Amino acid sequence: LLKFLGVTSLDFQDKNKIREFSQAYNIPIDLIPYRYLDKMNFADKLFYYLKRFTRLSYWDGSVYEYSDLKISQKMEEILQNWRPDIVWFDYTFMRPLYKLARRYGCRVITHSLIYEPNNLLEEEGGNFINYCRAKLKTLTESKSVKKSDYIFAITPQETDLYKKLGAKNIATLPLRALYNFIGKNNNVRDKEALNVFFM
């Protein structure tokens, strides 16, 4: 199983500390510069933005970031060296990388940690432009569902949303570490519904 996070490093982050963590815990971490923050000359910037408008799916800025050549080259390098059977993505907007996983015969699992259209409207407000952007993000979600072998949604409500978008193989998985916390509270009452808080 390859869990591809597409870890991008930002300028303010101490890369030496990240590498020390990687070595101390024997977890390989490959840092990729965050291209959006790269200082590009005018020609590069023009090409970067023109390419974005060549495909409707790239109009979703989150998707476009994961079409970056450096990210796909790093993922391909890992796939060639490691040859996993499954690639696990934590976000639907990483969809441009799904085709690489497929090329190497991998199954694709998507654990959606957030339903992007709703998140956009909740964080940035419901004006006309944001509704248009949310529609584009709904397209991203829909395509990601169709390109995934299995979908995990983070809430039951989002599980229902993904089913409406056509998800067949789907389950609710709030947190991968949730099982560590269940059963530690001794104040147990017989209830019809289990209330679990996570954030």
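## Ile27 and its loop

Ile27 sits in the loop that joins H1 to E3. The model is predicted. Ile27 is partly exposed, because its relative accessible area is 39%, between the limits of 20% and 50%. Setting aside neighbours within four places in sequence, Ile27 makes contact with Phe21 and Ser22.

Asn26 lies in this loop too, between helix H1 (15-24) and strand E3 (32-33). Asn26 is exposed, since its relative accessible area of 71% is over 50%. Its phi is near 55 degrees, a positive value in a residue other than glycine.

## A positive phi at Arg83

Arg83 also has a phi near 55 degrees. That value is positive, and the residue is not glycine. Arg83 belongs to the loop between helix H4 (69-82) and strand E4 (86-89). Arg83 counts as exposed because its relative accessible area of 53% is over the 50% limit.

## Overall architecture and confidence

The protein chain contains 8 helices and 7 strands. It has 199 residues, and 36% of them count as buried. Consider the contacts with a separation of 6 or more: residues 24 or more positions apart account for 52% of them.

The average pLDDT of the protein chain is 83. A score of at least 70 is reached by 82% of the residues. Where is confidence lowest, and where is it highest? Strand E1 (residues 2-3) has the lowest mean, 52. Helix H5 (residues 98-103) has the highest, at 95. Where pLDDT is low, predicted coordinates should not be read in detail.

## Helix H7

Helix H7 covers residues 128-147, 20 residues in total. How far should H7 span at 1.5 Å a residue? The expected span is 28 Å. The C-alpha atoms at its ends are 29 Å apart, which agrees.

Several residues of H7 are buried: Asn130, Ala134, Leu136, Lys137, Thr140, Glu141, Ser142, Ser144 and Val145. The cover over these buried residues includes helices H3 (61-65), H5, H6 (116-124) and H8 (156-164). Strands E5 (107-112) and E6 (150-153) are also part of that cover.

## Ser144

Ser144 is a residue of helix H7. Is Ser144 buried or exposed? Its relative accessible area is 0%, which is under 20%, so Ser144 is buried. Which residues does Ser144 touch, not counting those up to four places away in sequence? They are Thr92, Arg95, Tyr98 and Ile151. Tyr98 falls in helix H5 (residues 98-103), and Ile151 falls in strand E6 (150-153). Both of these elements are in the cover of the buried residues of H7.

## The cavity

Rolling a probe the size of a water molecule over the atoms shows where empty space is left. The structure holds 1 cavity of 30 Å³ or more. The largest cavity contains about 40 Å³ of space.

Which residues line the largest cavity? The lining consists of Leu56, Ser57, Asp60, Arg95, Leu136, Leu139, Thr140 and Lys143. By type, the lining divides into 3 nonpolar, 2 polar and 3 charged residues. The charged ones are Asp60, Arg95 and Lys143. The nonpolar ones are Leu56, Leu136 and Leu139. Ser57 and Thr140 are polar.

The cavity lining and helix H7 share residues. Leu136 and Thr140 are in the lining, and both are among the buried residues of H7. Arg95 is in the lining as well, and Ser144 of H7 touches Arg95.

Terms used
Residues numbered from 1 in each chain as written. Predicted model: local features only at pLDDT ≥ 70, side-chain atom pairs only at ≥ 80, totals over all residues. Heavy atoms only, no water. pLDDT = per-residue confidence, 0-100. Helix = DSSP H or I, 4+ residues; strand = E, 2+ residues; numbered from the N terminus. 1 Å grid on protein atoms, 1.4 Å probe; cavity = no way out; pocket = protein on both sides within 12 Å on 5 of 7 lines; lining within 4 Å. Points joined across faces, edges and corners; volume = space filled by probe spheres on them. Expected span 1.5 Å × (residues − 1). Buried < 20%, exposed > 50% of the residue type's maximum accessible area, 1.4 Å probe, protein only. Contact = heavy atoms within 4.5 Å.
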